[in-house]
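I opened this one to go through it chain by chain and jot down what I found. Here are my notes.

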Amino acid sequence: MKNRKAAFAATFTLLASSLVTAIAQDQKNTPPAPNPASSPNQQLAALAVPANSRPASTDKPSSPPEAARASGIHDNRALRLEGEKRFQANCGRCHMAPPKFPPRAMATILRHMRVRALITDEDRRLILRYMTE
Amino acid sequence: MLKNHRGWLLLATALLLQALPTGQVFAQSSDSPPPNTQSSYDQSQDPEAIKPVPVLQTSAAFQTVFDAGETHIHPLLTPVLLVPFGSRWLFEARGTFESDLAQQPGVSGFHGVVQKEEEYAQLDFIASPYMTVTVGRFLTPFGIFNERLYPVWIRNLASDPLTLPIGIGPSNASTGAMIRGGFKANEHFNINYAVYYSTLLTVSPMDSNRFAGGRAGIFIPKARLEIGGSYQHLLQDDHSNLFGFHMAWQPPKLPLNLRAETARSSVGSGYWVESVYGLTQVPFAQNQLRHTQVVARMQQFFTGPVPANSVLPVNTNMFEFGVNYYFMDGLRAMSSYGRQFAPQGNGNVWTLALTYRLVTPLGRGEVQ
C-alpha cells in the first residue's frame, strides 16, 4: 500500500512537473503573434487545390510575367509553410516527424495515413506538397 | 530450437534482401525537421499528379523484459505492405512474426516458438473527400492505441496498456466493413469518424467477434488537441455495450505529448494516461539530450462482472517510467521500469529494447 502511494505520487509528480515545465518554457519561448491577415485560412484552402484547377484571379486580369512569377513564388512559399504546419500538427499526433521519402512513396504513405489517421483531404494535399518539395 | 533459429535466420535474410533491390531504405526521423533528401522533383509539378508506388515498410524490435524475476526475450518483425491502385484505391496489410523466448527448467538457453499473425488485410476505397470505405480484416477503431499507437516503432513504452484488449476483439481486429473519414468542420476544428461492422470468425489467429460500433473525434489543429469517444455493441454473448474516450494533446512549440484513454465494458474497465517529454529544450548537453525523451504512464484496470480470458483476472494498477534515445533516423533504444500492483502480489517489470523502422518503395520512387 505504501509502495503504491509512493509510485502514484512519483508518477503524478512527473506528469505534473513535465506539464509545468512545458508551460513555463512555452511562455518563455512564445514569439510575437503573427499578423493574421498575412495567412488567412481561406486563401490557403484555395491554394491547396491543384493549380491547374484553380480559377484565374479576377483582381488582376492581366498580370505581367514577372508579377505572375513573383506571385507563384509567394504561393509556393505560403503553401510550403502551411504544409509544414499541417505536417507538424497531424503527423506529430502519433509519431516523430519522418524524413522525406521519394515522392511516389510519399504519395502512397499519405494515402495510407489519410485512411489510418483520418487526416483531411486538404491536409493531405498540403502535406504531400510540402513533403515532396 | 534449431528450427526456431532457422526461422529467424530466414526472416533476417528476407529483411536484408528487401533492402537490396532499390539500394536505399528510408527510416523514421528522430526529432529534427525533415531534411531535404536526394528525392526532390520539379516543384512546378502538381503533387496530385504523382503516381504512387507500392511501399513495404518494416519495423523490427528486440526486447528484453525482466518480469518478476523472469527474463523474456521478444524478437519482433512487422512488415506492412501498401499497394495503391489508381487514384482512389489502396490495399494494405500487416503481418507480425514474433516470439517469446524464455528459459526453461533443466534446459540451457532461451526457448520459444515463432508466432505468425496476419494483423490486417484491408481494401480501401476513397469514395469522396469525406468518406473512405474499407472491407476486409481491419484494426478495430476503438480508442486510439490499437489503430495508431500499436506499432513498435511508434509506441513510447514497450508494454501494452492494460485496457487494450477491451473493445478491439480477440485478435485486435475486425472482419467486415467500415466507413470512415475526416473533414474540416470549420476554421477551428476537424471532425473524424469511423463506423464499422464485424462478423464472427473463429479461425485462429484471425478470429473476430460479431459487433458493430463507431468512433468520433474532434481535432483542434491550433491547439493540437484531439478528443473523442468510441462505442461498440456486441452482437453475441451478453450483447453488452462498450464505451471509450480518448484524448491526445501536443502543445504547439513544446516537445510534450499527452495521451489518455479510458474504456468501460462488461469484462473490465480502466484508463491510462501517458506523458512524453522530449528534452530538446534543455539548455545543456544538447547533442545528447535532444535525442532523448522521458516517458511516464499510469494506468488502472478493474475487472468486470463477466469473466474473460482476454483481460487481467484481477484489479491491477501499474506505473511506468521510461527513457528513450534516438540514435539515428528510425533507430531507437527504449528502457523502462514499471511497478505493478495486484492482489496476488506486486512486481517490477524492467524493459530494454531496440526498435527500427525502414521504408522501401517497391518500384521507382522518383517522379519520371
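Before I count anything as covered, I fix the term: a residue is buried if 20 or more other C-beta atoms lie within 10 Å of its own. With that in hand I looked at H5(A), and 10 of its 11 residues are buried, so by this definition I put the helix down as mostly covered. I also keep in mind that this is a predicted model.

**Entry 1: the buried helix**

Which residues of H5(A) are buried? I wrote down Glu122(A), Asp123(A), Arg124(A), Arg125(A) and Leu126(A), followed by Ile127(A), Leu128(A), Arg129(A), Tyr130(A) and Met131(A). For chain A as a whole, I get 36% of the 133 residues as buried.

**Entry 2: how H4(A) and H5(A) meet**

I describe two packed helices by the angle between their axes and the distance between the axes. For H4 (residues 103-116) and H5 (residues 121-131) of chain A, I find axes that come within 10 Å and cross at roughly 155°. Why do I call H4(A) and H5(A) roughly antiparallel? The cut-off for that word is an angle over 145 degrees, and so the pair qualifies as roughly antiparallel. I noted the crossing of H4(A) past H5(A) as right-handed.

On the H4(A) side, I have Met106(A), Ala107(A), Leu110(A) and Arg114(A) making the contact. Their partners on H5(A) are Arg124(A), Ile127(A), Leu128(A) and Met131(A). Sorted by class, this contact comes out as six nonpolar and two charged residues, with no polar ones.

**Entry 3: how far to trust chain A**

I count five helices and zero strands in chain A, so to speak an α-α-α-α-α run from the N terminus on. Of its contacts with a separation of 6 or more, 71% are between residues 24 or more positions apart.

The mean pLDDT of chain A is 68, and 44% of the residues score at least 70. Where in chain A is confidence lowest, and where is it highest? I find the lowest in helix H2 (residues 41-48), with a mean of 50, and the highest in H4(A), at 94. Residues 30-40 of chain A have pLDDT below 50, and I see four contacts for this stretch beyond near neighbours in sequence. Residues 49-62 of chain A are also below 50, with six such contacts in the model.

**Entry 4: chain B overall**

Chain B gives me three helices and 19 strands. Of its 368 residues, 40% are buried. When I take contacts in chain B between residues at least 6 apart in sequence, 56% join residues at least 24 apart.

Chain B has a mean pLDDT of 86, with 87% of its residues at 70 or more. I marked residues 13-43 of chain B, where pLDDT stays under 50 and the model has 66 contacts beyond four places in sequence. For the model I also logged ipTM 0.85 and pTM 0.78.

**Entry 5: two phi angles in chain B**

Most residues other than glycine have a negative phi. I flagged Arg224(B), with a positive phi of about 55°, in the loop between strands S11 (211-220) and S12 (225-234) of chain B. Is Arg224(B) buried or exposed? I count 20 C-beta neighbours inside 10 Å, so Arg224(B) is buried.

I flagged Asp237(B) too, since its phi is positive, near 50°. This residue lies in the loop between S12 and strand S13 (241-249) of chain B. With 13 other C-beta atoms within 10 Å, Asp237(B) goes down as partly exposed.

Note on methods
Residues numbered from 1 in each chain as written. Chains lettered and ligands numbered in written order. Predicted model: local features only at pLDDT ≥ 70, side-chain atom pairs only at ≥ 80, totals over all residues. Axes fitted to C-alpha atoms, helices over the stretch in contact; angles between N-to-C directions. Helix = DSSP H or I, 4+ residues; strand = E, 2+ residues; numbered from the N terminus. Parallel < 35°, antiparallel > 145°, perpendicular 65-115°, else oblique. Left-handed = near helix turned anticlockwise from the far one by under 90°. Contact = placed C-beta atoms within 7 Å. Nonpolar A, V, L, I, M, F, W, Y, C, P; charged D, E, K, R; others polar. Buried ≥ 20, exposed ≤ 12 C-beta atoms within 10 Å, placed from the backbone. pLDDT = per-residue confidence, 0-100.
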